[in-house]
Amino acid sequence: MKSDILTEKHRLGLGGVAIGTAFEPLTDGQSYEVLQKAWDLGIRYYDTSPWYGLTKSERRFGNYLHGQNREEFVLSTKVGRLFVEVPEDEVPPTMWQDPLNYDFEHNYTADAIKRSIEESLERLRLDYIDIVYVHDLSEDQVGDRYPYFLKQAREGAFKVLSELRSQGVIKAWGMGVNKIEPILDCLDSADPDICLSATQYSILEHEDAVDRLLPAVKKAGVRLVSGAGYNSGFMTGRPRYNYKDVIPKGMTEKRDRISTIAKRYNIDIVDAALHFVLAADEFASIIPGASKPEQVEDNVSALQKNIPSDFWQELRSEGLIYEKAQVPG
């Protein structure tokens with residue numbers, strides 16, 4: 001690994017999507033309760049983005065973490081969009097339930113990346129950012145403009161982030177995307193340290209990542225962070241899958257079968273989902289979000305669960321996990 005920035009104590013982090021009001025409005029006070037619970041339970045890796053809540057999530061993380069010892073935690077945020085304040089009636093429709101009054105544009109040029117980092121530092125009230133992810137540079141976000149923005153990033157973002165890393169302004173960088181191809185494209189043309197694999201690897205869906213993504217990052221000495229290991233709440237019964245309202249065919253049945261088997265072993269599917277992701281050597285951390293302190297408690301509890309090896313053997317024999325996938329033990 002090029003950077004040992006994420007260690008054993010960072011295996012469970014806190015993602016900032018829910019704090020950015022992705023699924024329901026969340027007050028500042030409620031978000032600080034979540035952050036306080038995470039801190040009290042020993043979580044020391046925090047991930048946010050200016051995209052979440054149109055800068056709201058970053059501000060909330062900054063207001064909370066500003067009061068903590070900077071040397072005690074690792075923080076990652078993202079670049080790739082620039083934000084401009086607009087009147088309330090000009091805020092574009094997005095997935096955010098209660099965003100701030102901003103409009104945005106995708107921009108992966110060197111100047112945009114520098115400006116984005118400066119603005120993030122201001123919102124986060126921090127002197128430095130540990131990890132910077134190049135955010136949403138993938139076809140599901142930018143559509144047929146992907147080749148255009150990839151070229152822009154190769155000439156801009158990738159180079160400037162490597163320069164900032166060598167200058168000590170940031171400690172590590174990589175991609176933060178929902179698809180496999182952008183990570184492979186980045187590995188072909190740059191030297192990232194760590195990538196946020198948002199929806200490519202979970203206990204429910206992982207075959208493609210096992211075959212294509214994991215071997216590539218292993219060869220490059222790049223680690224991964226799991227951003228949606230619970231498929232954005234689908235695992236816990238939410239009517240969404242990987243941030244979308246459409247549930248892939250057969251996925252509800254697969255989830256329910258795994259859940260039924262888990263109950264026989266006195267564990268929960270969330271326990272299994274968390275341990276499945278972290279069993280892969282390539283993953284340094286998993287960062288589920290939370291909109292309530294109890295969800296943070298559940299994640300910490302899941303990390304501490306002991307899952308019998310017979311459980312994994314049963315899932316494999318039932319064809320519920322890929323035969324090539326790593327499992328704990």
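Buried residues make up 57% of the 329 residues in this protein chain. Keep in mind that this is a predicted model.

Now the surface. The chain exposes about 14100 Å². Carbon and sulfur atoms supply 46% of that area.

Next, the overall build. How many helices and strands does the protein chain have? There are twelve helices and ten strands. The radius of gyration is 19 Å, and the globule rule gives 20 Å for 329 residues. Those two values are close, so the chain is as compact as a globular protein of that length. Along its principal axes, the C-alpha trace spans about 55 × 45 × 40 Å.

What about contacts along the sequence? Take the contacts in the chain with a separation of 6 or more. Residues 24 or more positions apart account for 75% of them.

Let's zoom in on two helices. Find helix α2, residues 56–65, and helix α3, residues 110–124. Their axes come within 7 Å and cross at roughly 50 degrees. An angle under 35 degrees would count as roughly parallel, and 65 to 115 as roughly perpendicular. The crossing angle of α2 and α3 fits neither range, and therefore the two helices are oblique to each other.

Which residues of α2 and α3 make the contact? On α2, look for Glu 58, Arg 59, Phe 61 and Gly 62. On α3, look for Ser 120, Arg 123 and Leu 124. By type, the residues of this contact divide into two nonpolar, two polar and three charged.

Now some loops. Start between β2 and α2, where you find Leu 54. Leu 54 is not a glycine, yet its phi is positive, about 50 degrees. Is Leu 54 buried or exposed? Leu 54 is buried, with a relative accessible area of 0%.

Ser 232 is another residue to look at. It sits in the loop between β9, residues 223–226, and α9, residues 251–264. Ser 232 also has a positive phi, near 50 degrees, in a residue other than glycine. Its relative accessibility is 9%. The cut-off for buried is under 20%, so Ser 232 counts as buried.

Last stop, Gly 42. Look in the loop between α1, residues 28–40, and β2, residues 45–47. Gly 42 has 36% relative accessibility. Partly exposed covers the range between under 20% and over 50%, so that is how Gly 42 counts. Now find Lys 9. Gly 42 and Lys 9 are 33 residues apart in sequence. In space, their C-alpha atoms are 8.3 Å apart.

Notes
Residues are numbered from 1 along each chain as its sequence is written. This is a predicted model: local features need pLDDT of at least 70, side-chain atom pairs count only at pLDDT 80 or more; totals for chains, interfaces and linings use all residues. Side-chain values use heavy atoms; hydrogens and water are left out. Axes are lines fitted to C-alpha atoms, for helices over the stretch in contact, and angles run from 0 to 180 degrees between N-to-C directions. Helices (H or I, at least four residues) and strands (E, at least two) are DSSP runs, numbered from the N terminus. Angles under 35 degrees count as roughly parallel, over 145 as roughly antiparallel, 65 to 115 as roughly perpendicular and the rest as oblique. Contact means heavy atoms within 4.5 Å. Ala, Val, Leu, Ile, Met, Phe, Trp, Tyr, Cys and Pro count as nonpolar, Asp, Glu, Lys and Arg as charged, and the others, Gly among them, as polar. The radius of gyration is taken over C-alpha atoms; the globule rule is 2.2 Å times the number of residues to the power 0.38. Buried means under 20% relative accessible area, exposed over 50%, partly exposed in between (1.4 Å probe, protein chains only). Accessible areas come from the Shrake-Rupley method with a 1.4 Å probe; for residues, only the protein chains shown count as cover.
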